[in-house]
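Q: I am new to this structure. Could we go through its notable local features together?
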Amino acid sequence: MTIPRRSWRGAGALVAAAVVGLTGGVISAGPAVAHTPTWAVTCSEVTVDLTNYTSDVPNTVTVSVDGEDLLPTETFGREFHKKLALPEHDKPVTVRLVVKDADGDGKHSIDQTKTAEVCEEEEPTPPPSEPAPSEPAPSQTPSTGTPEPSATPSDEPSESAPAVPAPSPSSPDLAETGSSSSTPVIGGAAVAVLLAGGGILWAVRKRRTAQG
């Protein structure tokens with residue numbers, strides 16, 4: 001069976017139209033799913049990243065903390081990127097992000113809240129301590145200094161010194177020498193005795209002569 005050439009042409013046109021229709025559908029659906037709103041909250045800052053929005057419409061973004069504007073309403077186009085520092089807080093605070101998509105029915109608009117916790121205080125790191133200088137070991141050499149005298153000198157003779165024996169009263173007198181202290185006394189007494197004797201003899205003789 002032979003298919004007419006006109007029928008081949010009609011089938012080809014239908015296939016081409018179907019391919020174009022599918023391609024167009026994919027292309028038209030691309031921007032609709034490409035909106036990427038992301039944001040993060042820490043204890044000290046808020047990060048907002050909005051990409052692939054429609055560039056020729058006035059999209060808006062607002063960030064607030066406990067009802068107070070942190071980022072007043074700002075208009076953006078295709079993309080928006082920003083980091084915002086949070087005010088100091090001693091208790092958790094609520095951060096709210098509002099993004100309004102101005103394209104079509106605004107189905108990519110968001111309104112979300114997150115909690116920012118209190119930042120923990122970091123303890124200051126102490127500076128490294130310097131090593132203490134090592135003290136030299138005490139020398140084993142005996143001290144050469146002059147020893148201090150005793151506070152209370154003893155009157156008693158040292159036990160190590162030999163005691164001088166006292167002369168015994170009952171011991172016999174030692175032989176007198178020329179250096180004895182009693183020799184002059186004895187000599188003088190002997191001279192006196194001799195003189196006295198001589199005087200007596202002379203007196204006796206003189207008396208006898210006078211009587212004769």
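A: The turns below take up cysteine links, then backbone angles.
A: This is a predicted model, in which local features need pLDDT of at least 70, side-chain atom pairs count only at pLDDT 80 or more, and totals for chains, interfaces and linings use all residues. Residues are numbered from 1 along each chain as its sequence is written, and side-chain values use heavy atoms, with hydrogens and water left out.

Q: How many disulfides does a search of the whole structure find?
A: The search finds one disulfide, a term for a pair of cysteine sulfur atoms within 2.5 Å. C43 is joined to C119, with an S to S distance of 2.0 Å. The two are 76 residues apart and link distant parts of the chain: C43 is in the loop between β1 (36-41) and β2 (45-51), and C119 is in the loop between β7 (110-116) and α2 (183-211). Helices (H or I, at least four residues) and strands (E, at least two) are DSSP runs, numbered from the N terminus.

Q: And which hand does the link of C43 and C119 have?
A: The link is right-handed, with 105 degrees about the S-S bond.

Q: Changing topic: which residue in the loop between β2 and β3 (59-65) should I look at?
A: N52 lies there, and its phi is near 60 degrees, a positive value in a residue other than glycine. Most residues other than glycine have a negative phi.

Q: What about phi of D66?
A: Phi of D66 is near 50 degrees, also positive. D66 lies in the loop between β3 and β4 (68-76).

Q: How accessible is D66?
A: D66 is partly exposed, with a relative accessible area of 46%. Buried means under 20%, exposed over 50%, and partly exposed in between (1.4 Å probe, protein chains only).
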